Every structure is written in C-alpha cells, then in structure tokens.
Amino acid sequence: MCDNVRMISSQRQHLILNRLRTRGAVRITALSKELGVSAMTIRRDIADLADKGLLKRVHGGAVTTSSLLAEPLFSVKSQMDMGLKDTIARHAIDYVSPGDVIAIGGGTTAYVFAQHLLESRQCAGVTLLTNSIPVAELVQAMESKDVEVIVTGGVITRSNSLVGPIADKVIASLRVNTVFLGTHSVSIPRGFLMPNSLEAATDMALMDIADRTIILTDHTKWSCTSLSLFASFDQVDTVITDDQLDQESAEATRSLVKRLVLVPVNPEEGQSQDGASDGSGDQVQ
C-alpha cells in the first residue's frame, strides 16, 4: 500500500513539474481541481519538491527555479494572489484625477489597477498610454468612450506586453503625468527587476516620460529574483504594496524609497500606513 501511495505521489509531482515547465508558475487551487486532490495534498507535494530544489514556493503556489530568466504566462499570473492585487489596485486609483494623462505598464497587477480605474469616476477624461494588450482591450470594451487609449506597438512578451525599439520610440515622443508599473521582483538595495530585458528597457522608457513613477506590487515580490533592473529606489516616487510585507523589508524599503504605502489586506484593521523618506532615512509622517 505504501509503495502505491509513493508511486501516486511521484506521478502527481511529475505532473506539477510538467505544468511548471510550460507555464512558469502554478497555483495550488488550480492544481487541486486539475489533479483531483485536496489543496493540502498539493501543498505537501510542493513542499517536497521545494526541499529537493526543483521549484520555489510562493504565496498560493510555486514558480520554476528558472524564473530568473523565464516569466510565467499572463493567463497564469492573473490567477495568482488576486486578493492582494485587488487591495493594492483599489488604493492606487486615488493617485489619478479626472483629465490626467497617465501610463500603465504590463503585468497583472497593473491590469487589475486598470480594471478598477476604468470603473471609477477618476477615469473621466483620462488619456491612457499603455504597452499592455489586455489593458488596451479593457478600454476598447468600455461602453463609455470617455477614455482615450494610446498603444505603443512593439514585440509581444509572455506577459502580453509590447516591448522593444518600436515601443520605446513611440513612448519617447510623448509625456505623461504618472506612470503605474508592476514588477517581477524587489531587490534591496538594488531596486525593481523584470525577467525580460526588453520589457525592463520599455519600463525605463515609460519612466523617462513621466513626472511621477508609482510601483504597484504585492509583498511576495520581495522574496523573488529576476534578471534585469529597470528602476532603482531613488527613481521611484511611491511604492504601493500590502501590509503583509515583513517588518524588516518594510523598514529597509522605507529608508530607500521616497514613499512606501502599506495597504491593509483587511481594511477593518486600520488605515494604510503611508510613510515617506526625507532622504536621510528618517520617516516623514
């Protein structure tokens, strides 16, 4: 009986690794339904595979150990950490005013932000520059055409973003009030990174034309790593994340960035913690 259980577990783990190779990331709830076992069983399998160094555990799932170079598909990433992305996105729309000219980068957190923005009053009269195909499609699907969208063009990435020289040239000819960007990982003290060097370059181009840069990212990104740096902390005006970020990382980030906003995952527990640095490392309330 024990040998049979081990064999079944081995087969299941083999399937998990196969999914990782094709998708770049997997989610526990999806694997549980797909393989017909409990979420607890999938967690045990992922823990076992992580102990063997075959994958990396993240909140709600796992990513391939080669994620330094490879990025999960947009369709996979969009199903991960949805509650955290939603919390961050809802807060971020307060940084937009009607009539603003803004840019929204690629990635799923930026996409969720765009969803909430387009459902809010703040989007009235907004001009939106984006290199994200899903974000452009959101605007196109709106019944009210009170938002003008400009799409950069370029080469399509796994995250459904448009990048490369064509995108960068279009971006360089424009100007925006604020750019909202996601990030694949946060590295202290280096900054913000992406697995795709072309996408990193296009994010840099977006920052170059913006008066203000805001990074939208959940706390799990502080435990990830990536290949290409697109922004140092001193190039970013505000980082909006959730209050599940550990205290050590929060303090280190707050000492490096102009403003760090920690949004409560459970709003009834209190208001967002908004801290800025005056350049000396001291927090300005």
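This tour proceeds through the model selection by selection, stating what is found at each stop.

**Before selecting anything**

The structure is a predicted model, in which local features need pLDDT of at least 70 and side-chain atom pairs count only at pLDDT 80 or more, while totals for chains, interfaces and linings use all residues. Residues are numbered from 1 along each chain as its sequence is written, and side-chain values use heavy atoms, with hydrogens and water left out.

Colour the model by pLDDT, the predictor's confidence in each residue on a scale from 0 to 100. The mean for the protein is 84, and 82% of its residues reach 70 or more. Select residues 1–7, where pLDDT stays under 50 and the model has 0 contacts beyond four places in sequence; contact means heavy atoms within 4.5 Å. Then select residues 276–285: pLDDT stays under 50 here also, but the model has 18 contacts beyond four places in sequence.

**First stop: the sheet β1-β3-β2**

Helices (H or I, at least four residues) and strands (E, at least two) are DSSP runs, numbered from the N terminus. Two strands pair if DSSP finds at least two bridges between them. Select β1, β3 and β2, an open sheet of 3 strands in that order with antiparallel pairing. Its edge strands, β1 (25–27) and β2 (55–58), each pair on one side only. On average, neighbouring strands of this sheet are turned by 25° against each other, direction ignored. Axes are lines fitted to C-alpha atoms, for helices over the stretch in contact, and angles run from 0 to 180 degrees between N-to-C directions.

Strand β3 (residues 61–64) is joined to β1 by 3 bridges; to see one pairing, display Val 26 and its bridge partner in β3, Ala 62. Next add helix α2 (residues 28–35), which packs on the sheet, touches β1 and β3, and has a direction at about 75° to that of β1. Helix α3 (residues 39–51) lies across β2 and β3 and runs at about 130° to β2.

**Second stop: strand β14**

Select residues 238–242, strand β14, of which 5 of 5 residues are buried, that is, under 20% relative accessible area (exposed is over 50%, partly exposed in between; 1.4 Å probe, protein chains only). Thr 238, Ile 240 and Asp 242 point one way from the strand, and Val 239 and Thr 241 point the other way. β14 pairs with β12 in the parallel sense over 3 bridges, with Val 239 as the bridge partner of Ile 215. β14 is also joined to β15 by 4 bridges, again running parallel; Asp 242 stands opposite Val 263 in β15.

Now centre on Ile 240. Beyond its neighbours within four places in sequence, its contacts include Ile 88, Tyr 95, Ile 214 and Val 261.

**Third stop: the nonpolar cores**

A nonpolar core is a set of buried Ala, Val, Leu, Ile, Met, Phe, Trp, Tyr and Cys residues joined through side-chain atoms within 4.5 Å. In soluble globular proteins, nonpolar side chains tend to be buried together. The largest core here has 29 residues, and those with the most contacts inside it are Ile 104, Phe 113 and Ile 240. Among the elements that each supply at least two of its residues are α5 (82–92), β4 (101–104), α6 (108–118) and α7 (133–140). The largest share, 7 residues, comes from α6. A second, separate core of 27 residues includes Leu 129, Phe 192, Ala 200 and Leu 206.

Within α7, the buried residues are Pro 134, Val 135, Ala 136, Leu 138 and Val 139. Show Ser 132 as well: this residue caps the N-terminal end of α7, with a side-chain oxygen 3.2 Å from the backbone nitrogen of Val 135.

**Last stop: the sheet β10-β11-β13 and helix α9**

Select β10, β11 and β13, which form an open sheet of 3 strands in that order with antiparallel pairing. The edge strands are β10 (185–187) and β13 (228–231), and the twist averages 45° from one strand to the next. β10 pairs with β11 (residues 191–194) over 3 bridges, and the partner of Ser 185 in β11 is Leu 193. Helix α9 packs on this sheet, touching β11 and β13, with its direction at about 10° to that of β13.

Finish at Glu 199, within α9 (residues 197–208). Glu 199 is buried, with a relative accessible area of 1%. Its side chain is joined to that of Ser 161 by a polar contact of 3.1 Å. A polar contact is a pair of N or O atoms within 3.5 Å; within protein, one must be able to donate a hydrogen and the other to accept it, and residues adjacent in sequence count only if both atoms are side-chain atoms.
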